[in-house]
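Grab the viewer and work through these short exercises with me. Each one gives a task, then a stepwise solution.

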Amino acid sequence: MRLLKPFYLLLVCFIITADAQESLRKYADSLGLNIGVAIRESYITGTGSSATTHNNIVKTEFNTVVCENAMKSQNLAYSKTTYNFSTADNVVDFAIANKMKIRGHTLVWYRQNAQWLISGDREMLLANMKYHIEKVMGHYRGKIYQWDVVNEPFDEAGSGKFRTDNNPWQTVIGEDYIDSAFVYAHAADPGCKLYINEFGTTFPGPKSEALYDKVKEMLDNGIPVHGVGFQCHEGAVEDTVAAGLYAGIKYNFNRFAELGLDLAVTELDIQSSDPKAQADNYRVYLQVALSFPQCRTFVIWGVSDKDSWRSSGTPLIYDGNFKPKPAYDALLAVLKDPTPVVLVDRRARRLTKAGYLVYDRANNTVRVNDPSSNGPAIMEMFDLRGARIAKVTLRANNPLPLSSMKTAPGTALIRVKDEVVRIARDK
Ligand code: XIL
């Protein structure tokens, strides 16, 4: 027995160390997910305890970074002849030293501009834009895997109109500034994925429609746009299932994915004073993102609530003392267990109320309640790596046993129309 003791001690040490190594980054790496965070740049070279804690969290928990402000033209392009990349370079060097990816944010935006860049007539603005894009993308060529080329081109109110307020790109050049920006960007770094980035487009609505129409038109015209960034500055809904949160986001993202574009959650923060509801909302955003093979980037807009641009809404996953909140635990849990999410295709959505899919708890099966009015329903199940693990046709009197899907333990969500049915299954 005595001899065995050191072995047990070793085992305990091993277990403790293994636990200590748990991180979002570890599991995201294994899922092929770029889990990112916006960096408060001053911390990178800072020496105080907040800086140390911030930097440790960034490199331990995330594999991707974005500069919160340092790559905006105001902070780079003091004049056409004096660009100063030093702050942004510090972040890039930090990321490279810690084997992290870098998202570029942002090249053409109506805010936080160097004044010279947006002064002049149409010809001048186009020339300035091209110069700026070449200068910045050229400086980081090969180091940045995605750039937000155009940021927030649609109006604040969410009407779906192009943004004209304080936006000389639109008012002086016209709507084609967006196309030009992407053409210049592609020439400046052909290996980089080019994104259009917008807020207030998480769910269907006029702004989302307008964004969809614009990217579709760009694709039709051969403009090199590769991805759509959904900023996702949101507020928490109280009950994510009742609100159909998963279904709403999934439906909206899916339209863009069907165009053949990549997707990214680029600036997620979710305001809430209820940590539990907030955690549940974070969980759903990550589950939706992971259900798309096209969505391999998921960025949170800051580390600690105290440094958030919306700090009064405590929207982040670490509190003001850099302590992980329930939202952190929720994200970790999703990454650890690729919970299956069940989707139902359009044919199923056309079913009448009587014809909805029905989950039979006693038998752990799903069946179509009344298919006589409509055709069979196709149900697809994805794991959270985005891989489809099952596609089944559901017919009347032909219940599908969920227990047969052994590769996907956990909780399943079935959505038909606006209804979300949650199915807790045996592990
Ligand atoms: C914000 C930063 O977080 C703030 O520090 C800064 O004062 C203003 O910009 N959409 C974007 C981001 O694309 O660049 C914005 O970042 C937040 C909204």
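**Exercise 1.** Is Glu-152 buried or exposed, and how many other C-beta atoms lie within 10 Å?

*Solution.* A word on the model: it is predicted, so local features need pLDDT of at least 70, side-chain atom pairs count only at pLDDT 80 or more, and totals for chains, interfaces and linings use all residues. Residues are numbered from 1 along each chain as its sequence is written.
- Buried means 20 or more other C-beta atoms (placed from the backbone) within 10 Å of the residue's own, exposed means 12 or fewer, and partly exposed is in between.
- Glu-152 has 21 such neighbours, so it is buried.
- Glu-152 also has a positive phi of about 50 degrees, though it is not a glycine.

**Exercise 2.** Now classify Gln-112 by its C-beta count.

*Solution.*
- Gln-112 has 13 other C-beta atoms within 10 Å, so it is partly exposed.
- Its phi is positive too, at about 50 degrees, and it is not a glycine.

**Exercise 3.** Check the length of helix H10 (residues 245-258).

*Solution.*
- Helices (H or I, at least four residues) and strands (E, at least two) are DSSP runs, numbered from the N terminus.
- The expected span is 1.5 Å times one less than the number of residues.
- For the 14 residues of H10 that gives 20 Å, and the end C-alpha atoms are 20 Å apart, which agrees.
- Just after H10, Gly-260 takes a positive phi of about 90 degrees.

**Exercise 4.** Which bridge partner does Ile-39 have in E2?

*Solution.*
- Strands pair if DSSP finds at least two bridges between them.
- E1 and E2 (residues 64-67) run parallel, joined by four bridges.
- The partner of Ile-39 is Cys-67.
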